[in-house]
Amino acid sequence: MKLSVLQKYGEARLPRYTSYPPSPEFSPSVDVDTYANWLSHLPRGAPASLYLHIPFCRSMCWYCGCHTTVTAKDQPIVEYLNLLRNEIHMVAAQAAQPLHVDRVHFGGGTPTIVTPADFVALTDLLRDRFVLAETAEIAVEIDPRTLTIEMAGALGGAGVGRASLGVQSFDPVVQRAVNRIQSEKTTVEAVDRLRQSGVGSINFDLIYGLPHQTVRSCIDTAKTAAAMRPDRLAVFGYAHVPSFNKHQRMIEEATLPDSLARMEQALAIAGTLVGAGYVQVGLDHFALPNDDLVRSQATGKLRRNFQGYTTDNCETLVGFGASAIGHTRHGYVQNQVGLGFYAGSIASGRLATARGYRLTDEDRLRAEIIERLMCDFTVDVQEICIRHGFDPARLLTDNQRLAELADDGIIYVAEGIVRVPRDHRFLVRAAAAAFDAYLHRSSRGHSQAA
């Protein structure tokens, strides 16, 4: 790939396209009453997914882009769990009938910062207020540095079947630079505890583009991680936005790799994991050959949501907790981000919805095109437009950004089909952006995470 082309597209600040439109387009016009109405009109018996956000950590990792708060005390966590339980009751009461749940995901922050007893009680409440399928997947994000034997046992007992462990990098130089010291031994112990407790599927998160990171250290980290045989790995690019995430100011910008080095690191990790027997799924996920994620990709059923690539095809996602995002067939909703505002809403007996977005028919069309590009690296734009009753020429012929990508050799367009060749898959978000009607208005709020 030419350096000029990489610099032109690789340094662009683009959405990760885990939703469309991206969250900067959300507005207060979608409010508490709007969400309550959407909940009351959910289709009877349709499957739903639940997301529960626990916004607390014991220490701050300087690369973090999540909505989280550092606390050394347990009382704020206890008070927050009371609010979370109240929100669950309120949402369950708004729905016209009990929601049928296929998936539950605990994110953060550090979800396992709660006590084992509180975690089990929370999952029991979900089973009490919703109809959890016997095969429902319950997943949780974990900081291996704080996972105890008791918590691992509680996770297994509560029916957790998948755990995502933050690893990021095993290079001690990089770890010191981002304030996250985590040895290989600590990670191995966490994996062993989870597997012994019956948590059958293990995911790792890795990051490239961190301070002092090199191709060599990325390869070493990938080899070390692969040796533990997690079922899946998600490999993300670090997004340095210190104006938005104040703690990122602790990272020296001079120690960060440029766009060419970032691409080399991403490709090195991908090559290492593929060489270790993993299948690359989409842009940045890797899975063992027998994993559901691989089968979904092979059959064209791979999806993309706020957790990245997934097999989850539920039209409804209900988010609980401060900053949590959910969606229905009508659109997106997001809770109050600040803990104080969230607490005030729930304590007053009202849902915590702060903003959202009502989808249009054109949004749904563009969302499908973008998702297929992000998942399959090829999309039949003409077929999708016709199916949605939309003129394909508007997206194909009258699309300056698409024509520019084709002229630069990033994509191929023929007979209404757009394809991103394998050697340019690192730039697939640039191709997706060609179908983003809001990009020129909201690019300031997007991250560079790849």
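This is a short chat about reading cysteines and a small set of strands in a predicted model.

Reader: How many disulfides does a search of the whole structure find?

Author: The general idea is a distance check: a disulfide is a pair of cysteine sulfur atoms within 2.5 Å. Here, searching the whole structure turns up zero disulfides.

Reader: Why is there no bond between Cys66 and Cys64?

Author: Look at the gap. Cys64 holds the closest cysteine sulfur to that of Cys66, but the two are 4.0 Å apart, so that's too far for a bond. For Cys375, the closest cysteine sulfur sits in Cys314, 15 Å away, which is also too far for a bond.

Reader: And are Cys66 and Cys375 buried, exposed or partly exposed?

Author: Buried means under 20% relative accessible area and exposed means over 50%, with partly exposed in between. Cys66 comes out at 39%, so it counts as partly exposed. Cys375, at 1%, counts as buried.

Reader: On to the strands. In what order do the three strands of the open sheet run?

Author: To read a sheet, follow which strand pairs with which. In this one the order is 17-19-18, with antiparallel pairing. Strand 17 (378-380) and strand 18 (412-414) are the edges, each pairing on one side only. On average, neighbouring strands are turned by 10 degrees against each other, ignoring direction.

Reader: How many bridges join strand 18 and strand 19?

Author: Three, in the antiparallel sense, with strand 19 covering residues 417-419. For a spot to look at, find Tyr412: Arg419 in strand 19 stands opposite.

Reader: Which strands does helix 12 lie across?

Author: Helix 12 (residues 361-376) lies across strand 17 and strand 19, and it runs at about 145 degrees to strand 17.

Key
Residues numbered from 1 in each chain as written. Predicted model: local features only at pLDDT ≥ 70, side-chain atom pairs only at ≥ 80, totals over all residues. Heavy atoms only, no water. Buried < 20%, exposed > 50% of the residue type's maximum accessible area, 1.4 Å probe, protein only. Pairing = 2+ DSSP bridges. Helix = DSSP H or I, 4+ residues; strand = E, 2+ residues; numbered from the N terminus. Axes fitted to C-alpha atoms, helices over the stretch in contact; angles between N-to-C directions. Contact = heavy atoms within 4.5 Å.
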